[in-house]
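Me: I would like to learn how to read a model of this kind, going from a binding site out to the architecture around it. Could you take me through it step by step?

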Amino acid sequence: MILVVGGAGYIGSHVVKELVETEDVVVLDNLSTGHRAAVDSRAIFVKGDLGNVDDVLMVFRSYPIKAVMHFAAYSLVGESVVDPLKYYQNNMASTITLLKVMMRFKVKRFIFSSTAATYGIPDVELIDETSATMPINPYGRSKLMVEQVLADLATSDGLNYVILRYFNAAGAHESSSIGESHDPETHLIPIILQQLLGQREKISIYGADYDTPDGTCIRDYIHVTDLANAHILALKALLTGKKGAEIYNLGNGLGFSVKEVIETCEKVTGVKANVEIADRRAGDPARLVASSDKIFSELGWKAERNLEKIIADSWKWHQKQQY
Ligand code: UFG
């Protein structure tokens, strides 16, 4: 059985939906930001808190866990600057609780959700896994700290792990049964689509004076189903003993500016956006684009869904959003 911590969240729920096709799955989630309705009915759901050792012990005593996927984290860069302890507590300390229980039950396979925020402000066009990790906010640091703990546990306890550093996760399941639903929503694509649906008055572009061709920030958007498929391959690698301690970037390798994303949303939906230029948002690097060559050459994964597909699936979801 596979334990998915944070399986009711945006990315976790999309992974669970793929995972239940081949594995027995138990989801542990406190529903602080996740949604019960997002969890596939074929998975067992346990409401519990990663920071509460009794909740975690109960799951390990009740189910024969052979591997753990860990998605339960706070992920808002701005909030992490204002309230760092919230991030170190939840993203770092709670993960230690989970890892302690895993070691006690001799569960040695772990897949960890990490982030492009571990790189900080990169000095290369395409970021690969050897690029320097110098996070510029507590969110990125909390993730990098866990990465370092995992490396130490590989040495001390023989932990086998795969760290996946996501770039900009976006889109929704093709069926529209699950999708992105944050409160408050801070991510670009859902904000644009909400405006196109008349749920927001306008879209603010956070800065048009960056050192990029059109002055707006460039990001690498990756479809959440492509992300999910990478997790399935990483798990397979761990279960077959192929991989022990690896870090992989997950991106498309293509950068789109905020203006280009807005234009593509207008093209895909046929609706005109109401846009204003606003001040820069603190902590935004000008450009973050991944090289995902390593996971392609080692596990055969590459992103298969482009920006149009991301937006089309997201648009379908937002039109009939169920939670
Ligand atoms: N943006 C706007 N207006 C908005 C929202 C976003 O202009 O209303 C811009 C941002 O400034 C940024 C781009 O759109 O340039 C993308 O912003 P998102 O908030 O969608 O995503 P981020 O790149 O800030 O964040 C993502 C993940 C984080 C992760 C980070 C790594 O959501 O968890 O990448 O840098 F930490």
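Me: Which residues come nearest to the ligand?

Reply: Bear in mind that this is a predicted model. A shell of 21 residues lies around the ligand, and those that come nearest are A117, H187, L188, Y206 and C217. As for secondary structure, α6 and β8 are the elements that give two or more residues to this shell, and β8 provides the largest share, with four residues.

Me: How many residues of each class does the shell around the ligand have?

Reply: Sorting a shell by residue class is a useful second step. Here the shell has 12 nonpolar residues, together with six polar and three charged ones.

Me: Where does the ligand lie relative to domain 1 and domain 2?

Reply: The way to read this is to ask which domains supply the shell. Domain 1 (2-170 + 221-250) and domain 2 (188-219 + 253-319) both give residues to the shell, and the ligand therefore lies between them.

Me: How many residues does the contact take from domain 1 and from domain 2?

Reply: Begin with the separation of the two domains: their centres, taken over C-alpha atoms, are 24 Å apart. The contact takes 29 residues from domain 1 and 26 residues from domain 2. On the domain 1 side, α3 (77-82), β7 (168-170), β10 (221-223), α7 (224-239) and β11 (245-250) each supply at least two residues, and α7 gives the most, namely seven. By class, this side of domain 1 that touches domain 2 has 18 nonpolar, seven polar and four charged residues.

Me: Turning to a single helix, which residues of α8 are buried?

Reply: The buried residues of α8 are V258, V261, I262, T264 and C265. Seen down the axis of α8, these buried residues fall within an arc of 165 degrees, so they line one face of the helix. What covers them includes α6 (188-196), β8 (203-206), β12 (256-257), β13 (275-278) and α10 (307-319).

Me: What span should the 12 residues of α8 have?

Reply: One compares the expected rise with the distance between the ends. Helix α8 covers residues 258-269, and because 1.5 Å is allowed for a residue, its 12 residues should span 16 Å; the end C-alpha atoms are 17 Å apart, which agrees.

Me: Which residue takes a positive phi just after α8?

Reply: The residue is G270, whose phi is about 75 degrees.

Terms used:
Residues are numbered from 1 along each chain as its sequence is written. This is a predicted model: local features need pLDDT of at least 70, side-chain atom pairs count only at pLDDT 80 or more; totals for chains, interfaces and linings use all residues. The expected span of a helix is 1.5 Å times one less than its number of residues. A residue is buried if 20 or more other C-beta atoms lie within 10 Å of its own, exposed if 12 or fewer, and partly exposed in between; C-beta atoms are placed from the backbone. The arc is that of the directions from the helix axis to the C-beta atoms. Two residues are in contact if their C-beta atoms, placed from the backbone, lie within 7 Å. A residue is near a molecule or strand if its C-beta atom, placed from the backbone, lies within 6 Å of it. Ala, Val, Leu, Ile, Met, Phe, Trp, Tyr, Cys and Pro count as nonpolar, Asp, Glu, Lys and Arg as charged, and the others, Gly among them, as polar. Domain bounds come from an automatic or database domain assignment.
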